[in-house]
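User: Please give me a close look at a single part of this model, beginning with enough of the overall setting to place it. I would like one connected account, with the cut-offs stated as the terms come up.

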Amino acid sequence: MLPKRNSVVVLLAFLASFGALAQDGSAQLRLHAPVYKSKAKKGGAVTFAPLKASTSFSVVVRLYEKSGSELVPLMDEMGMPWAEELDFAIEAKGGVLGPAGDSNPTSGSFILPSKLAGELDLIVGSSKSLPDGFEMDVAWFTTQITNFGKKAVEYAESPAELVGKSMVAGPQGPMGLQGDVGPVGPAGATGPAGPAGPKGDTGSQGPAGPQGATGPSGGPPGPIGPKGDPGQDGPHTGGVNNTFASSAFVGGGTDNAANGSHSVIDGGFDNRAAGEYSTVGGGLLNKVEAGSEAARGATIAGGLYNKVSNRSGSGNAVGGGERNEIAMYGDQYGYGHATIGGGYRNSIRGDSGYGYESNLRASTIGGGSYNSVSGNLVTIGGGGNNRVESGGYDDYASTIAGGVENSISGRTGPANAIGGGRYNQIRISGDYVDSNGGATIAGGRGNLIAGEGYSYRYASRGDFSAIGGGTNNEIRASKAVIGGGYENRVNRGAVGATVGGGYGNRVYENAGGGTIAGGSENTIRGVPGYYYNQGPHFSTIGGGERNETMGSADVVGGGSYNRAGYPSSYGSGYYQYVTAHNTVGGGYGNRAYGDVYGSTTIGGGASNRVSRDLGTVGGGYDNRVDGRAGTVPGGYSNTAAGDFSFAAGREALASHTGSFVWGDGLGGIKDSQGPNSFTVYARGGATIFSNAAASAGVVLPSGAGSWSSVSDRDSKENMQPVDARRVLELVAGMPILTWNYKAQDESVRHMGPMAQDFREAFGLGVSAKLIDTVDPDGVALAAIQGLNELVTEKDAEIDALRDELSTLREQMEALVGRVEALSAER
């Protein structure tokens, strides 16, 4: 039972006076450190090697409850040694070390660093006497030497013993006298005066004065005069050499020209606002070119050498920076509403001269340098040398958030995105290839999502594919994913394939839905061709190194140099068939592929092979399944060569259909004996028990030619004597026939009773259709005993008759003698 809280407090005593630990009657343990392998000596002291370097100590104190002759450790609700409210400290020989680090009241452990040289005595004690039925001990006490060339951690082989228990505490010293009460201090100074009183009420308002009389109305208005000549342009508000058109405005600066209707230049130097409703806030050499009514309302807030062209559409804006440009080339006008927030040499450009239209509609560059956009609703957040180039009418709404030298180009479709990183690309190359878009590269370096060429238009558009990050990863298929890693590839036609990460993993052409979770240089093979649905599909590699799948729905869980699946031996091109559903769990150098359909399995091990459909190797080394649906559970160099065969152990060869071979651990090939045969090689003998106590069964001893039944007297009960004469009579009356089993050829003859006759005569065995081999032996022995009794009786009768005959012979001889004697007398 766990003691009540605070009933026992286990502590490592440390006296504030730095003196010896007081003998206060509490139970104590004494340890000697540092700890190396050494046993506790009598009296509780433990002696160890001297301390020579900086050492960390770990002490765990445990409370035990006596239960009979055993000590049961008390545990808290978390299963930790019970020790509450620990107040750890340490007293050391030659000086005292104070506690260091926080104590842990749950586990009762702490770490105390020391730089002492020589030996160190530690004392562990309880501040109270332990209650009856409980003992305190040290669960373990360890040190770790940290200043040597190698790490050394050793454990005491037994906890220290108690030095003493329940000793009477010594008397407490007297309390010192209380000091005199000090005199009362002087009174404090008078406080400051209180605040001023509230303001008085406001007086009443005086009466209003009288209102004056209304004056008379004027006469009727006169006629309107003729319109005068237009006046000159209004004055400039500031600066020199500024020019402006009608309804335009120049706020200041030098050599600015607001030449567009209702245009505005606030200031700066040599700026131009030639477009209608255009605005230049200031800066140097910024320019809004003149344009049609469709190219109006442009804004350059400031900066220098920024430009909005005359065909770029309405509502374009450059926030600032240097040499940024929004421009439209070719025969078309842009829709406008493009924005460059700032930065250096960024450009949003449209061009309709190549058979498609990129009209700058609402595209945006937030900042950065040398970023360029050609497309609609496109965004580059910032960074440097990023590029989005539209290749068709449906290429819009793509985004590069930032990074350096990232690009989206070609007929990539809508809503592609690059989050950042460097040298990442989403591109479509070749004619007549259109992507549905939606490709994403989150970041990393040198990653690529690409579509290529007319021939692979259905297989390699790259739409809806994604790369999470990493370096030099590449996707050339639709709806594929690479999570990260380095130099991973998803090739053309592998629609929906996934590589989680790792290094150098490959999903090859047309291996749709293939998955490689990670690892290094793993491969999902495909079939080259024009259409993605002609190759193997949905294979998986969990990880490992240089594993490979070559069929559909094949699986390699991990390991190294394993292979699942193989292209079949018939068919080619679009009609080439592949094996499927082959599995290798792991291991090294295993091959599971089948010959036509597959569905083979290798659990693990090394250098195992399954070459026929539905074959299984559980593990082991150098095992083979060359028969359809053959099985090798494991072992060494076993071969299931026949269809539906089974080989196990060592060098077992099941070469016949349906054969079962168990090979023992001795060397040499152990072959099957024929089709559908059961062959066991057990040169140490064989035993079959029919119960858990191993008291019933049969044994084939090593080198023996027949089974021996377990017949030990201790394995039997309810033993009763047998009427041997009656058994003899029953045997004599029971039909004994020769016959053959229907399952065997009629030339194979046997002799014996029928099970029904045997059961009716003797009532033995478990069924009227079975005869246990031990029972006919017993019946035969009992019948022999009965026959022996009968022969003995007959022998006794013969002996009696012989004795009687001898007596008669003697009597006859005597009579003959008398007769002869009488005859002689006559």
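Analyst: **Helix 1 and its packing partners**

Of the contacts in the protein chain with a separation of 6 or more, residues 24 or more positions apart account for 27%, where contact means heavy atoms within 4.5 Å. The model is predicted, and local features therefore need pLDDT of at least 70 and side-chain atom pairs count only at pLDDT 80 or more, while totals for chains, interfaces and linings use all residues. Residues are numbered from 1 along each chain as its sequence is written, and side-chain values use heavy atoms, with hydrogens and water left out.

The protein chain holds 3 helices and 64 strands, both taken as DSSP runs numbered from the N terminus (helices are H or I of at least four residues, strands E of at least two). Of its 826 residues, 36% are buried; buried means under 20% relative accessible area, exposed over 50% and partly exposed in between, with a 1.4 Å probe and protein chains only. The chain exposes about 44,800 Å², of which carbon and sulfur atoms supply 53%, the areas coming from the Shrake-Rupley method with a 1.4 Å probe and, for residues, with only the protein chains shown counting as cover.

The largest nonpolar core has 58 residues, and those with the most contacts inside it are Ile 326, Ile 348, Val 490 and Val 507; such a core is a set of buried Ala, Val, Leu, Ile, Met, Phe, Trp, Tyr and Cys residues joined through side-chain atoms within 4.5 Å. Strand 22 (325–329) and strand 56 (652–654) are the elements that give two or more residues to this core. Apart from it lies another core, of 8 residues, among them Val 727, Met 734, Phe 762 and Ala 782.

Val 727 leads to the part of interest, since it belongs to helix 1 (residues 724–733), whose buried residues are Ala 724, Val 727 and Leu 728. These three cover an arc of only 100° around the axis, which puts them on the same side of helix 1, the arc being that of the directions from the helix axis to the C-beta atoms. What do the buried residues of helix 1 pack against? Their partners are helix 2 (755–762) and helix 3 (774–825).

Helix 2 also carries an aromatic pair, formed by rings of Phe, Tyr and Trp (its six-membered ring) whose centres lie within 6.5 Å, with planes under 30 degrees apart counted as stacked, over 60 as edge-to-face and the rest as tilted. By this rule the count comes to 8 pairs. One of them joins Trp 739 and Tyr 741, whose ring centres are 5.0 Å apart with planes at 80°, so the pair is edge-to-face; Tyr 741 is partly exposed, at a relative accessible area of 46%. Another is the pair in helix 2, Phe 758 and Phe 762, with ring centres 5.2 Å apart and planes at 55°, so this pair is tilted. Phe 758 and Phe 762 are 4 residues apart within helix 2, about one turn of the helix. Phe 758 counts as buried at 3% relative accessibility, and Phe 762, with a relative accessible area of 17%, is buried too.

Taken together, Phe 762 is a member of the core of 8 residues that also includes Val 727, and it lies in helix 2, one of the helices against which the buried residues of helix 1 pack.
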